[in-house]
Amino acid sequence: MSDTSLPPVERAPGAKPSLSRRRFLNLAGVGAGAAVTVGGRSALAAPAAGAPDPNIVPVPDWTRTLGAPVNENPYGKPSVFEKDVVRREVTWLTASSQSSVSFTPLYALDSVITPNGLCFVRHHGGQAEIEPDKYRLMIHGMVDKPLVFTLEDIKRMPGRVNRAYFLECAANSGMEWRGAQLNGCQFTHGMIHNLFYTGVPLKTLLDMAGVDPKGKWVLAEGADAAVMTRSIPLEKAMKDCLVAFAMNGEALRPEQGYPVRLVVPGWEGNMWVKWLRRLKVGDQPWQQREETSKYTDLLADGRSRRFTFVMDAKSVVTSPSPQAPLKQKGPNVLSGIAWSGRGTITRVDVSLDGGRNWTTARLDGPAMPMSMTRFYLDFDWAGQELMVQSRAMDDTGYVQPTKQELRAVRGTNSIYHNNGIQTWLVRANGETENVEVG
């Protein structure tokens, strides 16, 4: 017989630097236990026995009058009733809004492709505004022929491709290393998005320049005020990196690197240099700020892991979660996302009792390498407390670890590469909060 009791938990603390559960719920526009009122009654309440539903029987106002014309919004907008589904910033996380982050509202999304206007944003020196006709990309260093490309040069190159990849900041879930902190999957896991990128293989450009056989690394540099620079192994650059100019079928958004960015599939987002302006081939890494003082992993014994490029398999349940609490007893759908920088997600298991028992979830939609996968679990809820977890596996055999397993190896000094299993405590009234299994 399976053990249905729940293990003890450690809850997110209420004092700073944590944000309270209720504040996060209010930020999301879904206050705990709130119900929308329609016609003087709760929209969640069933009409009286035998009484007609007032939202069905009368002809509604919107059916009595003509609607907006076809070109009311030349570039479409979401419904006004979805106004709370937006990126959000946690102002105390960084000293400056120009070097800050806003988070994708994962709790409100479904499928696997992130809408362009909801992709998380991370800047190190603010957003660069580049005129497309003045854009230039230079390739130099250990090459036979230094080259400069315009935007039109890149767009007319042969071999254009479309690829779906996730981009995850290495610091995603970084606040959770020492315990449950931020209450909402938008804030614990929202530094990620998944898009179709259009561009040309980086290999195409490097081949045109002719790489010196002694070349081993490529330095990618951005045109932003931070002059973001990262060293990328030449092997990776020639394997699957893209020079991209479009996302989800349209030009890159300015905050995502317009007009051109680098795409480094499966590797930490800091390497996906935006506003790409320079590529230099060399025989060793450049030891830039973003790969020495930052984006290294400090271990308990004082040593640091460096060049930890790959984002390992990870998952999170997006509903139920603190910003998407359960509202009805009976049939419900648990939903979440999984991804792996090592390859393709092949399986996700879900636990409703804190990891004592596991059920294999249903994967739905496209399953592509280094791209998000959506999973679902249909379940009945009778109002009992749940402790919800998900555990992802990929086609290399990698299994997402628990936070305790990660800490046993790496301690609690890290910021980056936290892919530990997330736990949500669902209370009897449906409210949900970030906790850890004790």
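The exercises below work through a predicted model, one region at a time.

Residues are numbered from 1 along each chain as its sequence is written, and side-chain values use heavy atoms, with hydrogens and water left out. Because the model is predicted, local features need pLDDT of at least 70 and side-chain atom pairs count only at pLDDT 80 or more, whereas totals for chains, interfaces and linings use all residues.

**Exercise 1. State the average confidence of the chain, and find where the pLDDT is below 50.**

Start with the score itself: pLDDT is the predictor's confidence in each residue, from 0 to 100. The chain averages 89, and 89% of the residues score at least 70. Over residues 14–45 the pLDDT is below 50, although this stretch has 48 contacts in the model beyond near neighbours in sequence, a contact meaning heavy atoms within 4.5 Å.

**Exercise 2. Describe the surroundings of N419.**

First place the residue: N419 lies in the loop between α7 (403–410) and β26 (423–426), where helices (H or I, at least four residues) and strands (E, at least two) are DSSP runs numbered from the N terminus. Next take its exposure: N419 has a relative accessible area of 4% and is buried, the term for under 20% relative accessible area, with exposed meaning over 50% and partly exposed in between (1.4 Å probe, protein chains only). Then list its neighbours: leaving aside residues within four places in sequence, N419 is in contact with D312, A313, K314, Y398, Q400, P401 and L406. Of these, A313 offers its backbone oxygen, which the side chain of N419 reaches at 2.9 Å.

**Exercise 3. Trace the strand pairings that lead from β26 to β22.**

Begin with β26, from which T423 and L425 point one way and W424 and V426 the other, all of them buried. Two strands pair if DSSP finds at least two bridges between them. On this basis β26 pairs with β27 (residues 432–437) in the antiparallel sense over four bridges, and T423 stands opposite V435 in β27. These two strands form a hairpin with five residues between them, and G430 in the turn has a positive phi of about 95°.

β26 is also joined by four bridges to β25 (residues 386–394), again antiparallel, with V388 opposite W424. From β25, six bridges lead to β21 in an antiparallel arrangement, where I345 stands opposite D394. Five of the seven residues of β21 (residues 345–351) are buried, so this strand is largely enclosed by the rest of the structure. Finally, two bridges join β21 to β22 (residues 359–360), which run antiparallel, and the bridge partner of V350 is T359.

**Exercise 4. Give the strand order of the open sheet that contains β11 and β16.**

The sheet has five strands in the order β8-β7-β16-β11-β12, with mixed pairing. Its edge strands are β8 (147–149) and β12 (229–233), each of which pairs on one side only. Within the sheet, β11 (residues 217–222) and β16 (residues 276–282) pair in the antiparallel sense over six bridges, and V218 stands opposite V281.

**Exercise 5. Identify the residues that touch the most other members of the largest nonpolar core.**

A nonpolar core is a set of buried Ala, Val, Leu, Ile, Met, Phe, Trp, Tyr and Cys residues joined through side-chain atoms within 4.5 Å. The largest one has 92 residues, of which L137, I154, V243 and L276 touch the most other members. Its largest share, six residues, comes from β13 (residues 242–247). Not counting residues up to four places away in sequence, V243 touches a set of residues including L137, I154 and L276.

Note on methods:
A polar contact is a pair of N or O atoms within 3.5 Å; within protein, one must be able to donate a hydrogen and the other to accept it, and residues adjacent in sequence count only if both atoms are side-chain atoms.
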